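Student: I am new to this structure. Please take me through its aromatic rings, one pair at a time.

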Amino acid sequence: MKIDETDRKILRALQRDASQSLDEIAKDVGSSKTPVWNRIRKMREAGVIGQQTVLLDAEALGFEATFFVLIRTSEHDANWQQAFLKALRERPEVQEAHRLAGDIDYILKVRVRNARAYDVFYQALISEVKVHNVTALLSMEEIKATTELPL
């Protein structure tokens, strides 16, 4: 799908606040409701706009610790990778997981209530899949976090 400047304006408005009314978005982008709705519908159908959700305040809900977990593995076969990915997908503490190029094979963003909860997560993970080395880095302060793409 080809994205034009009006589509970008709509996407920026939705990224800022997807709960806005269609009237508010149309006003923001300088258009009327029907063309804006049609553009949003087309972008959803094309997969440009995915799942809509609500952002929660983790600290307000008691999730005070964010760990970035660096994982090195000596296993690279398909069975190990399938078991590892299954373990990650089944753990709600894992907010992000990335496979990397370089010395580290994977990095995880893990959100938990405290260090004890991280240890429970860690013990469960290593009981399910063999990893060569795990380094956990505790985030002292979140300086910037956004889900917005720079359109």
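Tutor: Start with Trp80, in a model that is predicted. Trp80 has a relative accessibility of 8%. Buried means under 20%, so Trp80 counts as buried. Phe84 is buried too, with a relative accessible area of 0%. Both residues belong to helix H4, which covers residues 78–89. They are four residues apart, about one turn of the helix.

Now count the ring pairs. There are six aromatic pairs in the model. Take Phe67 and Tyr118. Their rings are stacked, with 4.4 Å from centre to centre and 25° between the planes. This pair links distant parts of the chain. Phe67 lies in strand E1, residues 65–72. Tyr118 lies in helix H5, residues 115–128. The two are 51 residues apart. Phe67 is buried, at a relative accessible area of 8%. Tyr118 is buried as well, at 9%.

Go back to helix H4 for another pair. Trp80 and Phe84 are stacked as well. Their ring centres are 4.8 Å apart, and the angle between the planes is 10°.

Next, follow Phe67 and Tyr118 a little further. Ring pairs join them with Phe121 and Tyr122 in a cluster of Phe67, Tyr118, Phe121 and Tyr122.

One last ring has a charge for company. The charged end of Arg113 sits over the ring of Phe63. The distance to the ring centre is 4.4 Å.

Definitions and conventions:
Residues are numbered from 1 along each chain as its sequence is written. This is a predicted model: local features need pLDDT of at least 70, side-chain atom pairs count only at pLDDT 80 or more; totals for chains, interfaces and linings use all residues. Side-chain values use heavy atoms; hydrogens and water are left out. Rings of Phe, Tyr and Trp (its six-membered ring) pair if their centres lie within 6.5 Å; planes under 30 degrees apart count as stacked, over 60 as edge-to-face and the rest as tilted. Buried means under 20% relative accessible area, exposed over 50%, partly exposed in between (1.4 Å probe, protein chains only). A charge sits over a ring if NZ of Lys or CZ of Arg is within 6 Å of the ring centre and within 35 degrees of the ring normal.
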